[in-house]
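Please open the structure below in a viewer and keep the selection panel at hand. The tour goes from the whole chain to single residues.

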Amino acid sequence: MGLEQFINEAISPWLKEEGPDSDIVMSSRIRLARNFEQSPFPLIAKEEHLDGILHFIEREYNHQSLLQYKDLEFVRMEELKQIAKQVLVEKHLISPHLAEKSKRGAALISKNEQVSIMINEEDHIRMQLYFPGLQLEKALEEAFQLDDWLEEKIDYAFDESRGYLTSCPTNVGTGLRASVMMHLPALAITRKINRMIPAINQLGLVVRGIYGEGSEALGNIFQISNQITLGRSEQDIIEDLKSVVEKLIEQERQARSWLMQQSELELEDRVFRSYGVLQHSRIIESKETAKCLSDVQLGIDLGFIKDISQSILNELMVLTQPAFLQQYAKKALNPHERDVFRASLIRERFSIEKKEES
């Protein structure tokens, strides 16, 4: 398989689209946690209970469709190789917990990969829906439709005073986790982000890295999400998160403007040095790749680089992850081999871009 074909098949279709403020906001996600009323929750359930959930979901929802989310495919974790599971994690279609720790875990994934419903993770059901750019309200609206569709055949664990019941107390209530993935290079370069994160945390939100809890903010990509689900409506949670995200967008734009005014030449030099590293390196590690991709994406956004597609950061942040590299190579690679192959893939990706421009 050539790289062009691999890119077309490997990158989620929705990830190639642009949305509001997509130069800074990479994606909006809504996740809803739900449990079956008459079954023990996954963390304490016996295997026969979890098997019952799997059989029910597969029978009722495999290859079904809702709205534009066609042909939901039922995928059992135990039937996948480790690399295949890690690829799903790298594409944000499943969580690391589902891939590594869940007993009798599965997922329902739509053809366009915009919807993923994790089965028997910490909760019986964790449905998540992605949109490009800042589209929290639209994502919430369609998540509600997805939730109603599932509830036609499922009795959820629900308490009149507490709301939806979940394995983790922090999800009780709405069961809603809303998050926005943001590329904030100028705030990182000016170090303003270090002062802003504690203030954001005080507002009941949390700032994490690209793969959520416990992950690092590689490539100046930050995930902003709500922490509180109990005692607040879904709309209130969304409005609070959106308000903070809009402020971050404003601050990032101001920081980019300040950098252009105060040190445009130095910023341009930084961008093109990283561009050169990506185009010519023979060995490159994940962290350096993420840093260079962030610089190049900033250079594209500021108009320094004009011959590279706007989606390069989204694409290569996924394609250069360990499992994706091994899937493309069609073999297991040790860390050094991955660094060599990563450099080769990036060079090949840029050469494709140049062919398309010529």
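What follows is a series of selections in a predicted model, each with a note on what is there.

**The whole chain**

Begin with the complete chain in cartoon view. Its secondary structure comes to 12 helices and 10 strands. The radius of gyration is 21 Å, close to the 21 Å that the globule rule gives for 358 residues, so the chain is as compact as a globular protein of that length. Turn the model along its principal axes: the C-alpha trace spans about 65 × 45 × 35 Å.

Now switch to a surface. The chain exposes about 16200 Å², of which carbon and sulfur atoms supply 47%. Buried residues make up 55% of the 358 residues. If you draw contacts between residues at least 6 apart in sequence, 69% of them join residues at least 24 apart.

Colour the charged side chains next. There are 43 positive and 57 negative ones, and the centres of the two sets lie 5 Å apart.

**The nonpolar cores**

Hide the surface and select Ile30, Ile57, Ile117, Leu150, Ile154, Met182 and Ile224. Among the 95 residues of the largest nonpolar core, these seven touch the most other members. Helix H8, residues 234–280, gives this core its largest share, 13 residues. In soluble globular proteins, nonpolar side chains tend to be buried together.

Which residues does Ile30 touch, leaving out those up to four places away in sequence? Selecting its surroundings brings up Met127, Gln128, Leu129, Leu136, Ala139, Leu140, Ala143, Leu176, Arg177, Ala178 and Ile238.

Then move to Met77, Leu88, Val89 and Ala99. They are among the 11 residues of a second core, separate from the largest one.

**Two loops before a strand and a helix**

Select Ser22, in the loop between helix H1 (3–10) and strand E1 (25–34). With a relative accessible area of 28%, Ser22 is partly exposed. To place this loop relative to a later part of the chain, draw a C-alpha to C-alpha distance from Ser22 to Thr289: the two are 267 residues apart in sequence and 21 Å apart in space.

Go on to Gln135, in the loop between strand E5 (125–132) and helix H5 (136–151). Is Gln135 buried or exposed? Its relative accessibility is 16%, and the cut-off for buried is under 20%, so Gln135 counts as buried. Show its contacts beyond four places in sequence and you find Gly19, Pro20 and Ser28.

**Along helix H8**

Return to helix H8 and pick out Gln251, which is found there. Gln251 is buried, at 18% relative accessible area. Leaving out residues up to four places away in sequence, it touches Leu187 and Met196. From Gln251 to Ala186 the C-alpha distance is 9.0 Å, across 65 residues of sequence.

Select Arg253, also in helix H8. At 33% relative accessibility, Arg253 counts as partly exposed. With the same sequence neighbours left out as for Gln251, Arg253 touches Asp21, Asp23 and Ile24. Leu184 is 69 residues from Arg253 in sequence and 9.2 Å away in space, C-alpha to C-alpha.

**A positive phi between two strands**

Next, centre on Asn220, in the loop between strand E9 (205–208) and strand E10 (221–226). Phi of Asn220 is near 55 degrees, a positive value in a residue other than glycine. Asn220 counts as buried, at 16% relative accessibility.

**Helix H11 and the residue after it**

Select residues 322–329, which form helix H11. Why is H11 described as largely enclosed by the rest of the structure? The reason is that 6 of its 8 residues are buried. To see them, pick Ala323, Phe324, Leu325, Gln326, Tyr328 and Ala329.

End at Lys330, just after H11. Lys330 is found in the loop between H11 and helix H12 (335–357). Its phi is near 60 degrees, a positive value in a residue other than glycine. Lys330 counts as exposed, with 60% relative accessibility, whereas the residue just before it, Ala329, is one of the buried residues of H11.

Technical notes
Residues numbered from 1 in each chain as written. Predicted model: local features only at pLDDT ≥ 70, side-chain atom pairs only at ≥ 80, totals over all residues. Heavy atoms only, no water. Core = buried A, V, L, I, M, F, W, Y, C linked by side-chain atoms within 4.5 Å. Buried < 20%, exposed > 50% of the residue type's maximum accessible area, 1.4 Å probe, protein only. Helix = DSSP H or I, 4+ residues; strand = E, 2+ residues; numbered from the N terminus. Contact = heavy atoms within 4.5 Å. Rg over C-alpha atoms; globule rule 2.2 N^0.38 Å. Areas by Shrake-Rupley, 256 points an atom, 1.4 Å probe, with all protein chains shown as cover. Lys, Arg positive; Asp, Glu negative; His and termini not counted. Charge placed at Lys NZ, Arg CZ, Asp CG, Glu CD.
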